[in-house]
Amino acid sequence: METIFDLQDVSYTYLEKFEALNSVNLTMTAGEQISIMGANGSGKSTLLSILNALVYPTSGEFYAFGKPVTEEAFNSLEDNEFGRYFRKKVGIVFQNPDIQLFSSTVFDEIAFGPLQLGLPKDEVKKRTEEVISMMEISNLRDRAPHTLSGGEKKKVCIASILSINPDVLLLDEPTGGLDPRSQLWLIELLQDLAKAGKTIITATHDLDIVEQISTRAIVFGEDHTIKADSTCDMVMNNLELLTSTNLIHKHMHRHGKLMHEHLHSHDAENHHEH
Ligand code: ADP
Ligand code: MG
């Protein structure tokens, strides 16, 4: 399969003093579903920003679709062929919907991306209608996005990316702030998109969703380096890794099926530690 992203020794530092990524090496392949895991501040959102070419590595190289992604290459997005190609291929859903939504109606919000790509007006309208119906948000179409509830906003953000029909979706803590029904809806949507062949890269510290939405897990430590890059199964069964990266606490009693099983097997091995 085609390598879509290739990071070679990538580090990123904010304002020349706040380290966010430290010597990151990884490649990602078309059609993969990957969870980016790690405690708060470990660098997950920064990695997504790099993958979406919102920021550029402070050091090291980032290649997307075989081409180096640099500030120079993206400087003039308007008339830049690679930039346009990239924006068509990759879409991001930010953690906070309020920084993503800016149009005066939900319809305009969803139509914005395809318009930016220069699609003909009737094609834009058709796509927008399709996404509105697929996401079951026709009741929201004339509403002002900033007046919606958190879950509704999140749906509109996702819709505004899906209307561009990108091959690669980047999602930052997508289940944060969603009620259980909306979470289930989102998981099923991501599973459908995966079946349709999309590459889905999700930053999350919600351990309960990792195995439902991905097969590979990359774990960041609090020193901003990669501590594991493996199957979800391997990562989720590595209690020592999850504890040392501050994804679970030793005395934590989770009620999710998975952690329950882990803790029990852990107990058995350690002769009633609890
Ligand atoms: P995560 O998404 O895993 O919580 P982030 O990528 O947001 O982590 O942050 C990684 C590190 O970079 C943290 O130490 C954070 O404080 C720092 N950081 C993030 N954004 C900024 C910023 N705009 N200015 C300064 N430091 C930042
Ligand atoms: Mg984050």
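## Oxygen contacts of ligand 1

In this predicted model, the backbone does a good share of the talking to ligand 1: a polar backbone atom of S42 sits 3.3 Å from one of the ligand's oxygen atoms. G43 does much the same job, with a polar backbone atom 3.0 Å from an oxygen of ligand 1. K44 joins in through its side chain, where a polar atom lies 2.8 Å from a ligand oxygen. How much of ligand 1 does the protein bury? On its own the ligand exposes 560 Å², and the protein buries 63% of that.

Two elements give two or more residues to the shell around the ligand: strand 2 (18–29) and helix 1 (44–51). The full list of residues around ligand 1 is Y14, F18, E19, A20, A39, N40, G41, S42, G43, K44, S45 and T46. If you like to sort a site by chemistry, that shell has four nonpolar, six polar and two charged residues.

## Helix 1, on the ligand's doorstep

Helix 1 is one of the elements that give two or more residues to the ligand shell, and it's mostly covered: seven of its eight residues are buried. Which residues are these? They are K44, T46, L47, L48, S49, I50 and L51. Two of these, K44 and T46, also appear among the residues around ligand 1. K44 is also the residue whose side chain puts a polar atom 2.8 Å from a ligand oxygen.

One backbone detail to look at while you're there: just after helix 1, A53 takes a positive phi of about 55 degrees.

## Salt bridges along helix 5

The count for the structure comes to 10 salt bridges. Some of them are found in helix 5 (residues 121–134), and R127 with E123 is one: the closest N and O atoms of this pair are 3.3 Å apart. Why can these two side chains pair up? R127 and E123 are four residues apart in the helix, so about one helical turn separates them. More generally, an α-helix has 3.6 residues a turn, so residues three or four places apart point the same way. Opposite charges can then pair when the charged atoms come close. E123 is partly exposed, at a relative accessible area of 28%.

The pattern shows up again with E129 and K125, which form a salt bridge with closest N and O atoms 3.7 Å apart. These two are also four residues apart in helix 5, about one helical turn. E129 counts as partly exposed because its relative accessibility is 25%, and K125 is partly exposed too, at 48%. Then there's E130 with K126, again a salt bridge with its closest N and O atoms 3.7 Å apart. The spacing is four residues in helix 5, so about one helical turn lies between E130 and K126. E130 is partly exposed at 44% relative accessibility, and K126 is partly exposed at 48%.

## A salt-bridge network

Salt bridges also turn up as a linked set: E32, R216 and D229 form a network.

## Cysteines without a disulfide

How many disulfides does the structure hold? The number is zero. For reference, a disulfide is a covalent bond between the sulfur atoms of two cysteines. Are C157 and C232 buried or exposed? C157 is buried, with a relative accessible area of 0%. C232 also counts as buried, because its relative accessibility is 3% and the cut-off for buried is under 20%.

## Two more buried spots

L186 has its place in helix 7 (residues 180–195). At 0% relative accessibility, L186 counts as buried. If you want a distance to check, take L186 and T27: they are 159 residues apart along the chain, and their C-alpha atoms are separated by 26 Å.

T204 is in a loop, the one between strand 8 (199–203) and helix 8 (207–213). Is T204 buried or exposed? With a relative accessible area of 1%, T204 is buried. What does the side chain of T204 reach? It reaches the backbone nitrogen of D206, at 2.8 Å.

Conventions. Residues are numbered from 1 along each chain as its sequence is written. Chains are lettered from A and ligands numbered from 1 in the order in which they are written. This is a predicted model: local features need pLDDT of at least 70, side-chain atom pairs count only at pLDDT 80 or more; totals for chains, interfaces and linings use all residues. Side-chain values use heavy atoms; hydrogens and water are left out. A residue is near a molecule or strand if one of its heavy atoms lies within 4 Å of it. A polar contact is a pair of N or O atoms within 3.5 Å; within protein, one must be able to donate a hydrogen and the other to accept it, and residues adjacent in sequence count only if both atoms are side-chain atoms. Accessible areas come from the Shrake-Rupley method with a 1.4 Å probe; for residues, only the protein chains shown count as cover. Ala, Val, Leu, Ile, Met, Phe, Trp, Tyr, Cys and Pro count as nonpolar, Asp, Glu, Lys and Arg as charged, and the others, Gly among them, as polar. A disulfide is a pair of cysteine sulfur atoms within 2.5 Å. Buried means under 20% relative accessible area, exposed over 50%, partly exposed in between (1.4 Å probe, protein chains only). A salt bridge is a side-chain nitrogen of Lys or Arg within 4 Å of a carboxyl oxygen of Asp or Glu.
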